[in-house]
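Biologist: I should like to learn how to read the features of a model. May we work through one together?

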Amino acid sequence: MERKTKINAEEGKQDLVITREFDLPLELLFKAYVEPEIVEQWMGTKVLKLENRKHGSYQFETTNAQGSVVFRANGVIHEFSPDHKITRTFEMENTPFPIQLEFLEFEKLTDDTSKLSMHIVYKTVAHRDQILQMPFAQGINMAHNRLQEVVSKLA
Amino acid sequence: MNFRRDVFQALADPTRRAILMLVASQSMTAGAIASNFDSARPTVSKHLQILTECELLKPEQNGREIYYLINAKKMKEVADFIEPFRKMWDDRFNKLESIMKKYPRSRRDS
C-alpha cells in the first residue's frame, strides 16, 4: 500500500517533519485548516476556539461517551498567511508534555494537487521520542474512536 | 522502565551508532570492534554492554571468542516505532481529503 503520509524523524534530533500530498487544490487544503466545523470532522475533536490570525489562539477538546474530557489542547498562532503557512504552538493540557512549536507549510503542486509539510519542534529529544511512543498515539486514537461511536449512535 | 526509551537512548550516542553500522556488515569480536575506535577498550566494552542490554546486539559464543551481531528484529522494531504516529496522521489526512473532495463546488470560490 502506498504511504501517502511520510514522517522524517532523525535519531537524536528534537524535531520531525510530517509531509503529505493531497488530491485537493491548495485552497481546499488550506480551508480544511481554517473552518472550525471542517477541522472538527477530520481531527475528530471539538473546536472550542479558532482565531485564524497573528496572535490569535485556538482550543480543541475531545470528550468520551460519558461526556468527560479525554483530551484538550490549545495554542497560539504566530504566523497566518492564507494558502501559504501557519506557525503555531501546541499544548496538550493536563499532560506532562511541554509545549511544541509547529510550522505548517501549504504548497500548490498542480491545479488539483497540493502538499502539506508540518515541521514540529519539541523541547528535547526525549520528549519527541516519548510523544512518538505507541501508547500515547493509541490513546489519542482511542479518544478518536470513542467519539466516532458517539457520532454513529447519534446518526 | 520503558524499554523503548532505553533503545532510543542507546541510539542517541554516535559511537554506539557507529558500532551498529560496523557490526551490520559482519559479526565481530569486542577486540575487532574496539580496534576501529580511538576510545579506550573499557569504554567500547561499556557501549557493547548497553547495546546488548537493549537487545540491539546479540553476543554469540564461537569457540573461545564472543562475536557480536546485529539483532535485525530489534532494529526493525525501532523502525516500526514511529508507525502508529504516522498512521494516526495518515488517517486524519485521509479523512481531510475525503471531506474536502465533497466540499460543495458553489462554495469553493467564496
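Modeller: The following turns treat conventions, chain B and two loop residues of chain A. This is a predicted model, in which local features need pLDDT of at least 70, side-chain atom pairs count only at pLDDT 80 or more, and totals for chains, interfaces and linings use all residues. Residues are numbered from 1 along each chain as its sequence is written, while chains are lettered from A and ligands numbered from 1 in the order in which they are written.

Biologist: Which pattern does chain B follow along the sequence?

Modeller: Helices (H or I, at least four residues) and strands (E, at least two) are DSSP runs, numbered from the N terminus. Chain B contains seven helices and three strands, in the order α-α-β-α-α-β-β-α-α-α.

Biologist: How many of the residues of chain B count as buried?

Modeller: A residue is buried if 20 or more other C-beta atoms lie within 10 Å of its own, exposed if 12 or fewer, and partly exposed in between, with C-beta atoms placed from the backbone. In chain B, 19% of the 110 residues are buried.

Biologist: What should one know about phi?

Modeller: Most residues other than glycine have a negative phi. A:His55, however, has a positive phi near 70°, and A:Asp83 has one of about 60°.

Biologist: Where is A:His55 found, and is A:Asp83 buried or partly exposed?

Modeller: A:His55 lies in the loop between β3 (46–50) and β4 (57–63) of chain A; A:His55 counts as exposed because it has 10 C-beta neighbours inside 10 Å. A:Asp83 occupies the loop between β5 (69–81) and β6 (85–92) of chain A and is partly exposed, with 15 other C-beta atoms within 10 Å.
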